[in-house]
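Colleague: Please choose one small part of this model and look at it closely. Then work outwards, so that a first-year student can place that part in the whole.

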Amino acid sequence: MSDSRKTVPEENAAVDAQEILKKFDKEANYRTYVGFFAKVISAIAISFSVFQLYTAIFGVLDAMIQRSIHLAFGLTLIFLLYPTSKKWSHSKLHPVDAVLAVIGALAPMYIIVNYQKLVLRAGIATPLDIVFGVIGLLLVLEAARRVVGVPMVVIALVFIAYAFAGPYIPGKLAHRGASFETLIQHLYFTTEGVFGIPLGVSSTFIFLFILFGAFLERTGLGQLFIDLANAVAGWAAGGPAKVAVLSSALFGTVSGSSVANVVGTGSFTIPMMKRLGYKPEFAGAVEATASTGGQLMPPIMGAAAFLMAEFTNIPYVRIIGAAVVPAILYYFGVWAGVHFEAKKTGLRGLRRDELPKFKNIVLERGHLIIPLIAIIYLLVSGFTPMKAALWAIILSIASSWLKKSTRIPLIEIVRGLEAGARAALGVLAATACAGIIIGVVTLTGLGLKLGSTLIELAGGHLLPTLFFTMITSLILGMGVPTTANYVITSTIAAPAVIMLLSKQAGLDPYAVAPASIILPAHMFAFYFGIIADVTPPVALAAFAGAGIAKANPMKTGINATKLAIAAFIVPYIFVMNPQMLLFNVNAVTFIWMLITSLIGIVGVAAAVNNWFLTSMRWWERILAFVGGLGLIDPGITTDIIGIGLCAIVFVSQIVRFRKTRVLKSR
């Protein structure tokens, strides 16, 4: 819909959505400058993007230098854009933030200026090194507080305290401790801490994919997704809710934030759902669940896919391939839940004349999808993620120029460079702070200690270990953005699953495990860290959806949890049976597994929503749920049991449905 056709309520809804985004997504709560300072911010942000593009084209610099420049740009922009206090002006620069911005640029630059000296005296820090190291760490923590939130900073501080308190901790978590100088040097002057793998991935792959997303936004791809979803599903029962699911799934392929996704598509879909009769709590929950699933959707997975590839040493293409089936099952489960709710409450779709024509959309703007198709093709073809993202950025601009109606003006290309740099700040701060956590883990061996403690707590049994890992991941994932979420959960929660699976397979639990063990464990922790966004009591995506729907936040969170039921089941299945992640499968077994799993998801969704063809009796719900679980779990025995149980429910529902129709016709 063009701006000229927007109504006053729609404009007000857009304003409300932006206020909600600022409330639940700290990255969106930045200063808005005018005049000279606006030009300064633009110049720094554009320079940041140009530097990243330059290194993508001509080759990255030495790790510490590349990451230091990346951090210097990021800290400078964060302190200029995000005020120290909420009470400070959001339109004028405070002198304290100006000073911090300068120091934020100097602290990482100290490494660049003294790089050769630091390398030559490796392991021996001077007093000046320690001073700059302390300043750098404090700035990283403060930047994370402003952009990411307090929870992550608290976790990082707890880890720092653990590094010092090791000798005084009883039991298995004890360690010999670290001196102040050793810890500072390890965290700030090596690639094990702040400048470790997370920031390294941010300074290469992730930034370019975020920049790619910024250009796609300028081409109008987000609106295209919504229009396509309307054309495909808007007419069906509960049409607007299905539009929310489909558009969020499409938008999730390039989105890096659950809350931003909720606001981006929810400001359109939630009012439409309410207009057709959905309860506000359910409307907000649908969008929240669908938007959160975007973080599980290949090829980007909220930028966590790149980190996962680096942490596990498993090829990126293999990771996104493994994520396909769980993502399909997640969205199919949400879709089924929406459908059953619509049938139960008798909600219709939109009239055909209210919807855009699919053919017209494809002919007018279908070419805008070219970059998305191209990036998937390039990744599968063996291009590095960085080169694939670079070509995709070029194609996003070039494809928009194929038609005059979608052409991006040159000024928008420049603004895209600025927007990409701004959008990368949250990931940058999160990955730099996450480096502190990882640095403490590598220095103290905490990951293995926590893993063995969790296994001991579970009595060495797999299901209790998975349950405790799930709870740990849900807690650690509360209020934390996707990239930081994965870093924390994979560092703290995943080792327990890896150790136990290795032990059960007859392998050394302290040795490097095979991919068929590492990947399911990391995906398990990642899934539950992400699903924390819709799991009360801290369900940011659900609360954002509730804000747009003007609904009760806790009820919205409960509804969202019910819709996301697949995300609470599928991870257990792929840990116990890695076939779901495409280990040891061929074409026939894959097709059979996908079909039975989809039927199983329908059974589970029907049981949870208490509806299939008509309302369900208590025993039908139990049989549908158990049968659905059996079908989701790959295996002949479980499939036979699942088919049998679901068949009983289906026949019972058919008989009752026909009786109901006969009675209504009399």
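Modeller: A residue counts as buried when its relative accessible area is under 20%. Keep that cut-off in mind. The model is predicted.

The part is Gly149. Gly149 sits in the loop between α6 (127-147) and α7 (150-165). The relative accessible area of Gly149 is 4%. That value is under the 20% cut-off, so Gly149 is buried. Which residues does Gly149 touch, once residues up to four places away in sequence are set aside? They are Lys26 and Ala144. Now add a distant stretch of chain. Val480 is 331 residues away from Gly149 along the chain. In space, their C-alpha atoms are separated by 7.4 Å.

Step back to the whole protein. The chain forms 30 helices and zero strands. Among its 666 residues, 56% are buried. Take contacts between residues at least 6 apart in sequence: 78% of them join residues at least 24 apart. Gly149 and Val480, at 331 residues apart, make a pair to keep beside that figure. What about overall size? Along the principal axes, the C-alpha atoms fill a box of roughly 90 × 65 × 45 Å. The radius of gyration is 25 Å. A compact globule with 666 residues would have a value near 26 Å, so the two agree.

Next, see how helices pack. Start with α9 (residues 197-219) and α19 (residues 410-444). Their axes are 8 Å apart, and the packing angle is about 150°. Angles over 145 degrees count as roughly antiparallel. Therefore α9 and α19 are roughly antiparallel. Their crossing is right-handed. The residues in this contact divide into 18 nonpolar, four polar and three charged.

Now turn to α21 (residues 462-476) and α23 (residues 494-504). These axes come within 10 Å and cross at roughly 170°. That is again over the 145-degree cut-off, so α21 and α23 are roughly antiparallel. Is their crossing left-handed or right-handed? The crossing of α21 and α23 is left-handed. From α21 come Leu462, Thr465, Leu466 and Thr469. They meet Ala496, Val497, Leu500, Leu501 and Gln504 of α23. Sort the residues of this contact by class, and you get six nonpolar, three polar and no charged.

Helices need loops to join them. Some loops hold backbone features worth a look. First, a general rule. Most residues other than glycine have a negative phi, and most peptide bonds are trans. Look for exceptions to it.

Begin with peptide bonds. The bond from Pro298 to Pro299 is cis, with omega near 10°. Pro299 is in the loop between α13 (280-293) and α14 (304-312). The bond from Pro536 to Pro537 is also cis, and its omega is near 15°. Pro537 belongs to the loop between α24 (515-531) and α25 (540-549).

Then look at phi. Leu582 is not a glycine, yet its phi is positive, at about 70°. You find Leu582 in the loop between α27 (565-576) and α28 (587-609). Leu582 has a relative accessible area of 28%, so Leu582 is partly exposed. Asn610 is another residue with a positive phi, near 60°, that is not glycine. Asn610 lies in the loop between α28 and α29 (618-632). The relative accessibility of Asn610 is 25%, which means that Asn610 is partly exposed.

Stay in that loop for one more residue. Ser615 also lies between α28 and α29. Which residues does Ser615 contact, leaving aside neighbours within four places in sequence? They are Asn610, Glu620, Gln653 and Arg656. So the list includes Asn610, the residue whose phi is positive. At 31% relative accessibility, Ser615 is partly exposed. Far along the chain is Lys343, 272 residues from Ser615 in sequence. C-alpha to C-alpha, Ser615 and Lys343 are 10.0 Å apart.

Finish by setting two loop residues side by side. Gly149 is buried at 4%, whereas Ser615 is partly exposed at 31%.

Terms used: Residues numbered from 1 in each chain as written. Predicted model: local features only at pLDDT ≥ 70, side-chain atom pairs only at ≥ 80, totals over all residues. Heavy atoms only, no water. Axes fitted to C-alpha atoms, helices over the stretch in contact; angles between N-to-C directions. Helix = DSSP H or I, 4+ residues; strand = E, 2+ residues; numbered from the N terminus. Parallel < 35°, antiparallel > 145°, perpendicular 65-115°, else oblique. Left-handed = near helix turned anticlockwise from the far one by under 90°. Contact = heavy atoms within 4.5 Å. Nonpolar A, V, L, I, M, F, W, Y, C, P; charged D, E, K, R; others polar. Buried < 20%, exposed > 50% of the residue type's maximum accessible area, 1.4 Å probe, protein only. Rg over C-alpha atoms; globule rule 2.2 N^0.38 Å.
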